[in-house]
Structure formats: structure tokens, C-alpha cells
Amino acid sequence: LERSDALTALLRRLHESRARLLAIHEPLPEALRGLVRAGPLDDAGWTLLVPSGAAAAKLRQLLPELEAALQRQGWPALPIRIRVQAR
């Protein structure tokens, strides 16, 4: 992987996406913690994946808290997208 710039960048984004998920773990309600998965991270934003529309709706209500938690921990501000994706 280290020989390929594209794969190295992809791996870095994957690690950053997972680290961001850990950063928002605390403000998430306990019922949502096991449902939210880290999705793609790109220059346009970060995606969170959930298994249902109800979970997505609740997560959208929490976006200001999640964005604040990320900023408190030093993450650059990026829009958070929420997508429903069945497991």
C-alpha cells in the first residue's frame, strides 16, 4: 500500500473516518451507538451509515451536537451526510 499514493490516501481516509466515529461516540444516544457506522470521507464531507430511516431522522436531529464534538476534538469542519444502508 505504501507504494501507491492512491491506496495510501484511501487508507488514510478510512482511518480518519473511523477516528471521527469514535469522536462522536459519546454524544450519541446509547440506542444509536451500535447502529451508526463510519462511511466514506471525502473533500465534500463525511458520511454516516445507519440501517433505518428512523435512525437517520434521529441522527439528523443530533447533527449540531456531533459537529460540535468533532470540532472540540480538533477535527476540521466537514458537512456530515447521513445515508440509510441496510446491513
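This passage describes a three-stranded sheet, the helices that lie across it, and one buried serine in a predicted model.

In the predicted model, three strands form an open sheet in the order β1-β2-β3, and their pairing is mixed. The edges of this sheet are taken by β1, which spans residues 37-42, and by β3, which spans residues 80-84, each of these strands pairing on one side only. From one strand to the next, the twist averages 25°. In general, the strands of a sheet pair through backbone hydrogen bonds, in either a parallel or an antiparallel arrangement. Between β1 and β2, the latter comprising residues 45-50, the pairing is antiparallel and extends over four bridges; Ala 38 has Leu 48 of β2 as its bridge partner.

Two helices lie across pairs of these strands. Helix α1, formed by residues 5-23, lies across β1 and β2 and runs at about 130° to β1, whereas helix α3, formed by residues 53-61, lies across β2 and β3 and runs at about 165° to β3.

Within helix α1, attention may be drawn to Ser 17. This residue, Ser 17, has a relative accessibility of 3% and therefore counts as buried, the cut-off for that class being under 20%. When its neighbours within four places in sequence are left aside, Ser 17 is in contact with Ala 38, Gly 39, Leu 41 and Trp 46. One of these contacts, Ala 38, is also the residue whose bridge partner in β2 is Leu 48.

Terms used
Residues are numbered from 1 along each chain as its sequence is written. This is a predicted model: local features need pLDDT of at least 70, side-chain atom pairs count only at pLDDT 80 or more; totals for chains, interfaces and linings use all residues. Side-chain values use heavy atoms; hydrogens and water are left out. Two strands pair if DSSP finds at least two bridges between them. Axes are lines fitted to C-alpha atoms, for helices over the stretch in contact, and angles run from 0 to 180 degrees between N-to-C directions. Contact means heavy atoms within 4.5 Å. Buried means under 20% relative accessible area, exposed over 50%, partly exposed in between (1.4 Å probe, protein chains only).
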